Amino acid sequence: MPAAGSFGSLLDALRGVTWPARRTIRGPAAGTHRSRQRGISPEFTEYRPYRQGDDPRRLDWKLLARTDRAFLRITNDRATLGTILMLDASASMAFPLATQGKWTQACRIAIGLAAVANSAGDPVGVIVAGERGVAQLPPRTRRSVIGEAARLFESIEPAGSASLEPVLSLVRPTQRIVLISDFLADDDTLLRAARERITAGADVLAIHIVAREELEPSRASIIAQDPERPELKRSMVDETRQGYLEAFGAFRAELARGWRAAGAAYFEVPADEATDHAVRRITSLALAVSTEMRGA
Amino acid sequence: MTFLAPWALWAAGAVSAAVVALHILASKNPKVTALPTTRFIPDVPLRATARALRLSDVLLMLLRVAAVMLVGVAFARPELTGARRAVGRVVMVDLGAHDRDRTEAADSASRYYARGDVLISFDSAAHAIRGDNALTSLRGEHDSTLARASVSAALAAGMRAASELRGDADSVELVLISPLAASELDAATRAIRAAWPGRVRLVRLAAVDSVAAPVSIDVRGATLDDPVRAAIAMLPRADTLNKRTRLVRLDRGAPSGADTSWATRGAAYVRWPASLDSSGWHRRARADTVGAVIGGIGDLGEAIVVSTFVPTVDAAVGHVVARWVDGTPAATERALGRGCVRDVAIPIARSGDLALRESTRRLVATLAAPCGGLVSFVPASDSTLTQLRGTGPLVATRALDARSSSPSRLTTWLLIAALALLLVEPLLRRQRAAA
């Protein structure tokens, strides 16, 4: 488990990074994300002829005085976007046992994304699904939420089996949901639940953490044992290594295709990738989508 | 460096090759390792063992091979050698009773002894003189020996010491420096000589008298009716002007410093107190009656006096020259400078005819003999010397039995190093198993 005080350099590296929503959002509070509502912000967008029922307070009175025509001043509103980071703390995330690289990378990515979201004024919440149930921090906008999340991660030891699917129901559908997992414990149920949240308006990101040892297993002959299902043992030898690589590759490809087809953003993050680089990769994709939408 | 048993190297090499082969071919149970993606491995039957034609546990293998090779090298008996000589010599110098100042023997030894050779001095027993100053040590030995030299002892010691020359000489030669008197050869000499396959160089010393020297006995402190004095009076008198005459002083009284000083110059001082109770010798715990006394030195033969004796004291510690019939010493002799002092603790009664008996006269003559007894150095016969010399070639040092030599220090250190490696091996194996 990463120490709470070990994120300083990561936060420094992510200073200035923005993480816009991938779509316009519906939110009351003023924030940095483009809102579906047109309102009273000083950022002018266009004029529209007054129609019956419009709020007369939005009339451009100066234009009415000069032209004797009633136009409404249309502006883009900005709203905040609640961000929920959901982490999988099952035993498979503790791999490799010596370094717990997958869990460490998951925590660092969560802290990085939380810091980026929090710097934009978005409320950030954390939910960790582990063997002992669910540990969560409700969404907060205060700065201390980063430290609280770090301390929460420090107190958790990945073990047993856990599923993120029941946790999804705890989240409001209008929020941005970040699922950080190796997706080995869940089958299609998590994807179905996520698809429902996406349909309801949620912005879902699936971040798939994989260890280097899973991508490129050692040439040494071993008997592999599933940490979540100890009864499952297979021989990793020269004859089975190629079959493993093909099957695992197919799994990852299908996982990416399924999440993207559901409307979620999917990212595969190796455990040994620099965390700030991974966070920038995740946020830059969302930024590209947002820019593209604005241009359209 | 040479190896006295090179077959051990081949054996160690074979064992090492087997160890390497085992490390290449050995199968082992693969480790059970946690892998979250285990489900993606094709489901084939679990293999209990893994075999591979590649080196496993290289460090452990190197350690085992090193231990085996160290043991092999140690058993191969390595010897660090410098430049080898063609011939090494074992020089055996006779320091028996024949020659008091050893000058001639030492001079003869210096002609044959070279650095790296083995020098052995012998009388009745033999011992090697080691070190760079062996010849100096030989010349410096001024203490007289009263024992008759034994060629058999010298040959046995020389043959044993010859193996020490294996490291720096191709051949070895035995050199025997001795008067080669017949009395120095015994029944075992021929058999011992036959065990040495090469020839022996014989260097004969000149100090050999074929006839025993005459003896002049000076009796002191004796009363006119002294029985010992009476017995000596019956012995033949020697001409004191003769240079060959050996001087003996028999003191029936108390000794003085002058007597001791006189004895150191090569004479025999016999202390035979008339009153044994005041001799100062160790008093016996219980006086007992003894029926006879047996004495004998040199070539005079044994003298047995059968009578009733009551010994009350024990003679001083030394070479026993007379014994009571129960085996306890009655007279002893010990070297003193170039001469000797003889203590006689035999009471001779003044009354009776004991002093007049022929047996008593012979006993007194024996006990009043010069140091070492009256030895006649009769030269050994030519046939005996020819047999002793032999006709074979010099003995090659490789042919010498290696078992008689003690292991070298290098061998000891090699075995210690091998033992240390074998102690480390289980620790390393345990560490590998835990990893």
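In the predicted model, six strands of chain A form an open sheet of 6 strands in the order E5-E4-E3-E6-E7-E10, with mixed pairing. The edges of this sheet are taken by strand E5 (133-140) and strand E10 (265-270) of chain A, each of which has a single partner strand, so that one side of each is left without a neighbour in the sheet. On average, and with direction ignored, neighbouring strands of the sheet are turned by 15 degrees against each other.

At the E5 edge, strand E4 (residues 124-130) of chain A pairs with E5(A) in the antiparallel sense over 6 bridges, and within this pairing Ile127(A) has Gln136(A) of E5(A) as its bridge partner. Helix H4 (residues 145-154) of chain A lies across E4 and E5 of chain A, and its direction makes an angle of about 170 degrees with E5(A).

Strand E6 (residues 176-181) of chain A, by contrast with an edge strand, pairs with a strand on either side. Strand E3 (residues 83-89) of chain A and E6(A) run parallel and are joined over 5 bridges, with Thr83(A) standing opposite Arg176(A) in E6(A). Strand E7 (residues 203-210) of chain A is likewise parallel to E6(A), to which 6 bridges join it, and here Leu179(A) stands opposite Ala206(A) in E7(A).

Strand E6(A) is also mostly covered, 6 of its 6 residues being buried. The covering extends to both faces of the strand, with Arg176(A), Val178(A) and Ile180(A) buried on one side and Ile177(A), Leu179(A) and Ser181(A) buried on the other.

Methods. Residues are numbered from 1 along each chain as its sequence is written. Chains are lettered from A and ligands numbered from 1 in the order in which they are written. This is a predicted model: local features need pLDDT of at least 70, side-chain atom pairs count only at pLDDT 80 or more; totals for chains, interfaces and linings use all residues. Two strands pair if DSSP finds at least two bridges between them. Helices (H or I, at least four residues) and strands (E, at least two) are DSSP runs, numbered from the N terminus. Axes are lines fitted to C-alpha atoms, for helices over the stretch in contact, and angles run from 0 to 180 degrees between N-to-C directions. Two residues are in contact if their C-beta atoms, placed from the backbone, lie within 7 Å. A residue is buried if 20 or more other C-beta atoms lie within 10 Å of its own, exposed if 12 or fewer, and partly exposed in between; C-beta atoms are placed from the backbone.
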